[in-house]
Amino acid sequence: MTQGNQRKRSITILGSTGSIGTQALDIINRHPDLFEVYALVANRNSDLLISQARAFSPAVVVIADESCYLEVKDALKDLPIHVWTGKDSITGVAASQEADIVLTAMVGFAGLEPTIAAIKAGRTIALANKETLVVAGEMITAMASQYNACIIPVDSEHSAIFQCLVGESCNKISKLILTASGGPFIDIPASELKNVRPEQALKHPNWKMGNKVTIDSASLMNKGFEMIEARWLFDVNPSDIEVFIHRQSIIHSMVAFEDGSLKAQLGLPDMRVPIAYALSFPYRKPTGVQAPSIQAMSSLSFEAPRTEDFPNLSLAYRSIEAGGVAPCILNAANEIAVERFLNHEIGFMDISHLIETMLNKYSSNCANPLSLDDLISLNKDVRHSASLWLKH
């Protein structure tokens with residue numbers, strides 16, 4: 001046994017070259033006595049994947065983009081590392097019994113099937129892929145119970161709630177409060193939002209994140225997704241989840257209990273803290289991040305979100321209240337809308353217009369029975385329609 005009675009844990013990282021993946025490897029590098037890497041999975045960033053493989057010597061690396069396979073395989077041929085490629089390889093490594101924890105940090109709908117494979121294998125899931133619970137929350141939570149797979153949230157907001165609930169299993173939650181930085185456009189008048197450019201939206205005031213998540217933060221869709229995640233992770237009604245703008249990003253979320261108590265988790269805006277907590281749970285280990293100073297907490301502020309100017313949050317509430325596959329429609333439309341905005345094909349305010357159009361178009365599907373095949377088919381259809389959408 002090692003320090004704190006934590007045995008060494010083997011980690012698979014799905015999305016190792018992204019923001020969450022690279023920060024997870026930083027934590028692992030700080031604690032070689034506590035963690036080892038079993039597998040690294042990346043989409044197409046072959047150069048960084050090769051560098052990571054050489055640094056951490058995993059048993060397996062998977063490059064999703066098959067056109068990069070020979071490059072990665074040749075670069076690692078002198079090492080005893082299995083190099084695989086393709087979708088089936090990703091789901092296969094996610095289900096491997098060799099890893100104690102699977103960190104699911106792939107972006108978008110692509111993270112759903114590997115997460116399901118890991119759950120069916122009974123792995124502990126460190127969940128950083130928002131879309132898994134947004135698209136299939138009811139299915140995922142039922143599967144986790146069926147296969148005895150533990151899900152530990154990595155998102156800072158859900159990690160905060162998770163931490164506030166440790167030791168509170170016998171106590172009733174009355175409300176969850178999610179905090180949001182507000183993104184780069186919190187003070188921009190509604191009349192100017194239609195003119196903002198992708199490069200402006202990518203300048204987050206507090207957090208360093210990937211492009212897709214950063215745009216979602218700017219549009220408040222990120223907070224809508226987190227509300228849906230929280231509904232499934234903590235088994236609460238959407239009406240019992242509130243969102244407040246907290247510009248300082250010190251309080252990451254709060255839990256209100258029926259006795260009038262309010263618990264909050266505080267910390268500087270650094271994802272290494274929730275990542276380390278998920279990998280080490282229930283232990284806390286050094287992360288290289290300092291606790292916020294008292295001075296930093298002397299003027300914390302909270303305000304209601306401007307949902308009339310940032311309608312994506314309201315669209316998220318609408319979709320979870322509709323139930324069924326409505327959140328899948330929401331997610332698919334948003335993925336394409338963000339992609340098109342980043343490509344300068346549509347404006348910032350068009351993101352919500354596109355999403356609402358897709359929700360209206362496919363609303364008759366909301367009562368359909370849920371299955372993975374249903375979700376895959378619907379996701380494909382909505383993405384196709386969204387890619388053809390023309391603003392009027």
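Is Phe 185 buried or exposed, and at what relative accessibility? Phe 185 comes out as buried, at 2% relative accessibility. Keep in mind that this is a predicted model.

**Aromatic pairs**

Phe 185 is a good way into the aromatic side of things. Its partner is Phe 348: the ring centres sit 5.2 Å apart and the planes are at 80°, so this pair is edge-to-face. The two residues come from distant parts of the chain, 163 residues apart. Phe 185 belongs to the loop between strand S8 (173-180) and helix H8 (190-193), while Phe 348 is in the loop between helix H14 (326-342) and helix H15 (350-361). Phe 348 is buried as well, because its relative accessibility is 3% and the cut-off for buried is under 20%.

The structure holds five aromatic pairs. Another of them is Phe 162 with Phe 281, also edge-to-face, with 5.1 Å from centre to centre and 65° between the planes. This pair, too, links distant parts of the chain: Phe 162 is in helix H7 (residues 156-165) and Phe 281 is in the loop between helix H12 (272-280) and helix H13 (312-322), 119 residues apart. Here the burial is mixed. Phe 162 is buried, with a relative accessible area of 17%, whereas Phe 281 is partly exposed at 25%. Tyr 277 joins Phe 162 and Phe 281 in one aromatic cluster.

Here are the two pairs side by side:

| Pair | Centre to centre | Angle between planes | Geometry |
|---|---|---|---|
| Phe 185 and Phe 348 | 5.2 Å | 80° | edge-to-face |
| Phe 162 and Phe 281 | 5.1 Å | 65° | edge-to-face |

A ring also turns up in another kind of contact: Arg 231 lies over the face of Trp 232, 3.9 Å from the ring centre.

**The sheet and helix H7**

Now for the strands. Which order do the four strands of the open sheet take? They run S9-S8-S10-S11, with mixed pairing. Strand S9 (241-245) and strand S11 (262-266) are the edges, each pairing on one side only. From one strand to the next, the twist averages 20°.

In the interior of that order, S8 and strand S10 (residues 251-257) run antiparallel and are joined by five bridges. Ile 173 stands opposite Phe 257 in S10.

Helix H7 brings the two topics together. It packs on the sheet and touches S8, S10 and S11, with its direction at about 40° to that of S10. This is the helix that carries Phe 162, a member of the aromatic cluster with Tyr 277 and Phe 281.

Definitions and conventions
Residues numbered from 1 in each chain as written. Predicted model: local features only at pLDDT ≥ 70, side-chain atom pairs only at ≥ 80, totals over all residues. Heavy atoms only, no water. Phe/Tyr/Trp six-rings, centres within 6.5 Å; stacked < 30°, edge-to-face > 60°. Buried < 20%, exposed > 50% of the residue type's maximum accessible area, 1.4 Å probe, protein only. Lys NZ or Arg CZ within 6 Å of the ring centre and 35° of its normal. Pairing = 2+ DSSP bridges. Axes fitted to C-alpha atoms, helices over the stretch in contact; angles between N-to-C directions. Contact = heavy atoms within 4.5 Å.
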